[in-house]
Amino acid sequence: MLALTGCAAALSGCGSSGPTIPTKNPSTLVLQRTDLPQGFSAFYSGPQLSADQTGPRSDPHRFGRTGGWIARYNRGGSPKTQGPLVVASRVDLFKDKGGAKRDFALYPDQLKQPGAKEIEVGKLGDKAFGVLMLRTGAVTTRSYAIAWREQNATAELELNGFELTVPEVLALARKQEAQLRDAAR
């Protein structure tokens, strides 16, 4: 009986930490061309470069980071084009959830640029934050950035366009979130 109790305690302890996202194949954890509306093409998909890591998140080994990936897409359009014209989807992977939590904690200050307006992102990952930047001129451009944490990963989605709404942005973020969630199973 004691052995069964010890086994049950050990199993419950293992289960409490939850699944983690494997750190190999990070390219599968960002939006793919097929996740986007028709007309998009990739102009970069690969490991994050030093230029992709800025500010307090610039150290590629911060908090036990094991790697990251970014995919950038664009399509032609005009001020009347609905939806995004440029999309950047990224993921950073960490040895454990603690590293991802510490990395995510840096996102709100990084995204809160002068003029940025916080947006409601609802339930996205374990924790999420998003902003909208309006750039006015002859034509208004909308730039969204949403960051979230999922297990031992942080993710960010940046989208730019003329006629672009929060629901369109969140629909794409949820597609990437599903890839992260599925990888943890």
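Here are a few questions and answers about this predicted model.

Local features here need pLDDT of at least 70 and side-chain atom pairs count only at pLDDT 80 or more, while totals for chains, interfaces and linings use all residues. Residues are numbered from 1 along each chain as its sequence is written, and side-chain values use heavy atoms, with hydrogens and water left out.

Reader: Is Gln179 buried or exposed?

Author: Gln179 sits in helix α4, residues 166-183 (helices are DSSP runs of H or I, at least four residues, and strands are runs of E, at least two, numbered from the N terminus). Buried means under 20% relative accessible area, exposed over 50%, and partly exposed in between, with a 1.4 Å probe and protein chains only. Gln179 has 19% relative accessibility, so Gln179 counts as buried.

Reader: Which residues of helix α2 are buried?

Author: Helix α2 covers residues 97-104. Its buried residues pack against β3, α3, β5, β6 and β7 (contact means heavy atoms within 4.5 Å). The buried ones are Gly99, Ala100, Asp103 and Phe104.

Reader: Why do those buried residues lie on the same side of α2?

Author: The arc is taken from the directions from the helix axis to the C-beta atoms. The buried residues are Gly99, Ala100, Asp103 and Phe104. They are on the same side of α2 because they cover an arc of only 130° around the axis.

Reader: What does a side-chain oxygen of Asp96 reach at the start of α2?

Author: A polar contact is a pair of N or O atoms within 3.5 Å; within protein, one must be able to donate a hydrogen and the other to accept it, and residues adjacent in sequence count only if both atoms are side-chain atoms. Here the oxygen comes to within 3.1 Å of its partner, the backbone nitrogen of Gly98.
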